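Let's take a walk through this one together, chain by chain. Have the structure open and ready to turn as you read.

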Amino acid sequence: MAYLVSHPDEVKIVSKRFGQSAANLDRYLELDGYNAVQKALAMEPDAIIDEVKNSGLRGRGGAGFSAGMKWSFVPKQSAKPKYVLCNGDESEPGTCKDRLIFEHDPHSVIEGVIIAGLAVGSRTGYIYIRGEYRYLSVIMQKAIRDAYSRGFLGKNIFGSGRDFDIYWHGGAGAYEVGEESALMESLEGKRGIPRIRPPFPAVVGLWGGPTVINNAETLASVPHIILGGADWYAKLGPPKNGGTRLFCLSGNVEKPGVYELPMGYNLKKMIYDVGGGIPNGRSLKAVVPGGSSTPCLTADEIDISMDFDSVAKAGSMLGSGGVVVLDDAQCIVKFALRTMQFYQHESCGWCIPCREGTDWLKKTLVRLHSGGGLKKDIDNMQYLSENMLGRTFCPLGDAAAMPTIAFVKKFRKEFEDHLEGRPCPYEKQGVVEQLPVLAH
Amino acid sequence: MPDVNLTVDGKKITAPAGTLLIEACKAVGVEVPSFCYYPNFSLQGACRMCLVKIEKMPKLQTACTTVISEGMIVTTDSPEIKQARKSMLELLLGNHPLDCPVCDAGGECELQDMTFSYGAAESKFMEAKNHRDEQQWSPVVFFDRPRCILCYRCVRVCGEGMDVWALGVQNRGVSSIIAPNKEDHLECEECGMCIDICPVGALTSGAYRYKTRPWEMKHVGTICTHCSDGCKTTLGVRRADAGMEIVRGDNRDKSGTNGDFLCIKGRYAFDFANHEDRLTQPLIRKNGRLTPATWAEAVALVGRKFAEIRDRNRGDAIGVVGSTRTTNEEAYLLSRFARTVLKTNNVDHHRTADFPAFAAALRGKPGMTASMAEVFTAPAILLIGNDPTEQHPLLTWQIRNNVRLHQSRLYVVNSRPIKLRRQATKFMQIAPGAESQVAEFLAGSGDPANQLISSSADKSAWTSLREKLRTEQNLIIIFGSEISGSAVSNIVRFGSAISGTKFVCLGDYANSRGAADMGLYPDLLPGYHPITGNTEFHREWGEIPPTTGLDLPAMVAAARAGNLKALYVVGSNPIGRMNIDPFAFSNAFVVVQDMFLTETAVTADVVLPAANAYEKSGTLTNTCGDLQLVKKAGDLTGVKTDFEIIVRIAEAMGFDIHKLVPFGGGTRADMGQSRGAESGEADRHAVWLEARGLEPKLSPFDSMAIFDEIQRLVRSYDVSRMNLLAGNSQHTSLEHAGPGAAHKPESIVPAKDTLFTSGTLGRYSRALQSVIESHEAKHSEVAAD
Amino acid sequence: MKFSDQFEARFAEMLPHYPTKRSALVPTLLYAQDEVGFLSDEVIAELAQRLELTELEVRNVISYYSMLTTRPRGKYNVQVCTNISCLVRGGEDILHHCQKKLGIGNKGTTADGMFTLEEVECIGACSWAPAAQVNYDYHENLTAEKMEEILEKYKSI
Ligand SMILES: Cc1cc2nc3c(=O)[nH]c(=O)nc-3n(C[C@H](O)[C@H](O)[C@H](O)COP(=O)(O)O)c2cc1C
Ligand code: SF4
Ligand code: FES
């Protein structure tokens, strides 16, 4: 069970039922549950799409694509069944928000899936939850069963004459499967290798049918938009960045936790006010603002608004909402190595630049961190990352390259400090470097 | 399809809508490098070598997955693209073992070539490389994992192309690995296509590994000598003590109808040629034992004995058994030799299909035989009988990929659930032997015979099949030896009523069709003309005995009765293959031309060591009637081609060989085909010719000399000589065939070969034997559990 | 091959959720593994047959997912996250502590078959780091002492 926190600056929308036993359907109904679906049932599909478009809701899975726009790409007519797929694979290091939604408010996801289905003319949804989240799968499966038992799912939902089915689906440990096309492969019982695009999932997706894929938080936001209205939602954040976000504050902060803050909340404030600052009298070295795939920001780059466009302007990405804070006792080389170890382990291996690039970078980082590095290794890492960037089959390669480029650029000195036999200046005395290799 | 206009590197080009950018570029000579892209297989986009710039797209795009669109502006060469290609190679080489000096693929490796063209001169890599040991997956397939670049070509050719699905991808990331279906070994059809298609040396051939370097071989594109499909195989030959040794068979010459395809036999089963049991000296039975002799001695003996018997007992005391594996020229020559020199019509061969009935049914019908190429494009195919996966691997490849790539409709009628049913729109299982009833039902309008009705195929299923087939256009009907005699005419009658129908009649050996076409029958001359008629052959060949000769069973009976005094067996093993009593010919003078001491050869009085089809030139006709050129690849001192042996025997019989082989005309030089350039054979010929006062210009052993006559007298063989010599297959039809003949169905003895057997020849192929053994070993393991 | 009634019920319920049989593969493999302990040859053959796949195909899938294994593991699979959020809060110390305590390395299993230790990627507990999972149970805000208690507790059940 994850722990809840709170802060006065929070605007609780997606998290408004957290801690209130809303996984219980009766309780959920007391808390406005399933009103949004009923409202949506009375709306024209295009009206639902417009509402979501106008709300400025952008994907919470990482890429920040307009949800309403994505839905509008689904063809009205389709010979093959259409699907809604909720991405609950949550595996981006630094991210732990969908977990809370599934645990505390599973029905809001169900509602979101149904509404998305009504909008695009689908009658089947899947909620994919990563394999490690077994207890959440149990909660979600019960929620689905309960919804069926009340006629909220199945035939003739809410007596509307419309049918809608939702099924749970579970993963088994693979980050890449969070990538939307790999997610579909996994759901179809295959290895999580991404698909060639175009065609995009909205046109050719699961089993060849048009498929809307959204992150769990994105979908859980939808019922609130339907009830509260697009305007209200849009105004919570800066232009084109509607609503709130679950920020997963982690690392070297006094009060880590998942906080729901309005889009555009200041990052510095998030760290020092909401998070209570850096513990043990230490100072801030760097922040990874949106999950491990996003380029880090240095201490003097954090006075920015946490919305998609502002963070992009600052040279990074809002990503999945995982804000990882590093104090000045952290070794950037070690941090870069652990990041690359992750991508090397999680690369699906399909394409050359990602498969080989992550392996090569990891090997170089291991060597460099243990003191066996040469000056040219630093340039070489830069070279390799830049040559992976934008050339891989799916964005995982970019996700590995981008942070590396930032680490090397922004903390070059720290890499140099490790060169030519010098031990890591941050490593505790007496601890021998023995990084266990994640062999598969 | 409408055309699309686009610009590539400033050039305006046009290509049909739906074309992939990489293909559109290739078509106008713009090379876009690729590893994972392979025409006709699913797209991967994995190697990222084909990245190009498309205007309005922020990132470089893969040309292999991009479909061209109107107005597209593409750049395939810029500093950015150069850098992308270079870095891709650097990344790939990072974990590549770079053991090129010992790698089988060294010298013919796409990674080497690509690095040469697009790569970086200096290496940035200084990390330890990932390593795993080499594995043997089957007797013929080895896998060197570190060399693998994960282009997934092998996986696709095995699954999509072969429908075998024996290769998969396991693990992920840098641990990703190509894996065989049985954890540490393969259970598959052993076609070896994965090896050919591998761009590097990750998959290597058990038969060829570490034997030589690619540049030390000469490569000769010729036709496979095993089944009757006629795949082109490229033989790699190397100088050896006793001539030229064939060390490799593969598919680097993709110009045959088989394109990318080769089965285990075409790829590995050339090795019978190097078997240590090969005969290299004539043998003469002396005091009951076969004893080595000289060619002069042996030929003189045979000539004398044949002449004696012919003159004493008349020609019909001599029987001749021809071959289904020798060239058309040899079969034709043998037919002519038998009739005009031996003066006998007792001529037969191992029949595996009723070609005479087929010829009779198609006589006068133009364009009704399908070529192997057409089997890949026909919109619909009806297959009755046979098990092509085992017996006709190329035909199966054509059918399967026609279904996959062109959505052809396949209808299968078979007494067994053959593998091709997986591609079938409709599969009808029937009782064994009911094939002729199917033919009768299809040709008629009534109900299906009771034997055809089963729980899975009731009356209406049969009627609707017939109806469906009648609505097809350009159907190809393929049938096995189960359909013979009147069933053939029924099938042809049925098909002729459907617009555009063509037929394929399936025989079993490399030149079964040619043996039939060249008249190795007691009652038929070349071209299915009756022996009793008054044909051009009667006019040109001189006197031909006027009555039908004995077929093989009748020759056996005659020998038993003491009436058959001599038997001449050319490249055939009737005792081993056709259930003939080994003592049947004990009282006759038996001459056998063969590579090995077969069951038939051990009973002979004279055994003459023959060259095989890889050691000679000439033409072969596949079961569809596609005529193709064979080229001399290997050479073995001591052996002679059947052509040469026949001519020498004729000469030894005192026959004027100018009347047998129209050589010396001077205009039809053999273009070097019959003489291996490496072998010194040309010199030997010159010596022989000069010793006999003959013109050294054209040898009487040059099969091309008689090919002129075949082209003239067997009218369907009148195809473009130029195209033939250029290595293209030339389809022959049966429109101008003679009337054929009705034969007893029992005279057809199917070879019943499987993927891993090949008549007598297969027993001498180590590759085939080792695969059979390994498959049997695995079965007994399972049985023992 | 015999699975529990619960597995069979789940399997029977899941199949009709998809238009193709193989779609049920990944979750089914995990449930089967939970029951048998690992994905034995027998399990692979059985599921391949049920879902109309080749065994190779099933193996290809198994080897892709890091939670699936074809080798037996200890009764308790101790999965310590050392990914970034855990790293900066001492995740590696927890891992090293477990190694010392259990006397095994990464992916090792104790001689008594009780514990397998595994360094894992982010398990979605970043805000409560460092964290570990023992089988499916989360343990968060760990310290070396806390981890030790947890291991003791499992040892005793
Ligand atoms: C390597 C990779 C991993 C991803 N993992 C996740 C994930 O775990 N959860 C998620 O919601 N989206 C993930 N995404 C993003 C998805 O591809 C997709 O954009 C998202 O599910 C769409 O939903 P949204 O528009 O609501 O964000 C990942 C993308 C990539 C490239
Ligand atoms: S970038 Fe390439 S190897 Fe990496 S996960 Fe994507 S497809 Fe797989
Ligand atoms: S050929 Fe295009 S990615 Fe390999």
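## A tour by chain

In chain C, the centres of domain 1 and domain 2 are separated by 29 Å, taken over C-alpha atoms. Those two domains come from a domain assignment, which puts domain 1 at 5–62 and domain 2 at 76–156. Before going further, keep in mind that what you're looking at is a predicted model.

Now swing over to chain B. Here you'll find 24 helices and 31 strands. How does the radius of gyration of chain B sit against the globule rule? It comes out at 28 Å, close to the 28 Å that the rule gives for 785 residues, so chain B is as compact as a globular protein of that length. If you'd like a feel for its extent, picture a box of roughly 90 × 65 × 65 Å along the principal axes, filled by the C-alpha atoms of chain B.

What share of chain B counts as buried? The figure is 62% of the 785 residues, and here buried means under 20% relative accessible area. The contacts are worth a look too: take those in chain B between residues at least 6 apart in sequence, and 71% of them join residues at least 24 apart. On the outside, chain B exposes about 28,600 Å², with carbon and sulfur atoms supplying 51% of that area. As for charge, chain B carries 85 positive and 90 negative side chains, and the centres of these two sets are 2 Å apart.

Next up is chain A, which has 17 helices and 11 strands. Does its radius of gyration agree or disagree with that of a compact globule? For 440 residues, a compact globule would have a radius of gyration near 22 Å, and chain A has 22 Å, so the two agree. Along the principal axes, the C-alpha atoms of chain A fill a box of roughly 75 × 45 × 35 Å.

The same kinds of questions can be put to the inside and outside of chain A. Of its 440 residues, 67% count as buried. Among the contacts in chain A that link residues at least 6 apart in sequence, 70% bring together residues at least 24 apart. The exposed area of chain A is about 14,000 Å², and carbon and sulfur atoms account for 54% of it. Finally, how many positive and negative side chains does chain A have? There are 50 positive and 50 negative ones, and the centres of the two sets lie 2 Å apart.

How values were computed
Residues numbered from 1 in each chain as written. Chains lettered and ligands numbered in written order. Predicted model: local features only at pLDDT ≥ 70, side-chain atom pairs only at ≥ 80, totals over all residues. Heavy atoms only, no water. Helix = DSSP H or I, 4+ residues; strand = E, 2+ residues; numbered from the N terminus. Rg over C-alpha atoms; globule rule 2.2 N^0.38 Å. Buried < 20%, exposed > 50% of the residue type's maximum accessible area, 1.4 Å probe, protein only. Contact = heavy atoms within 4.5 Å. Areas by Shrake-Rupley, 256 points an atom, 1.4 Å probe, with all protein chains shown as cover. Lys, Arg positive; Asp, Glu negative; His and termini not counted. Charge placed at Lys NZ, Arg CZ, Asp CG, Glu CD. Domains from an automatic or database assignment.
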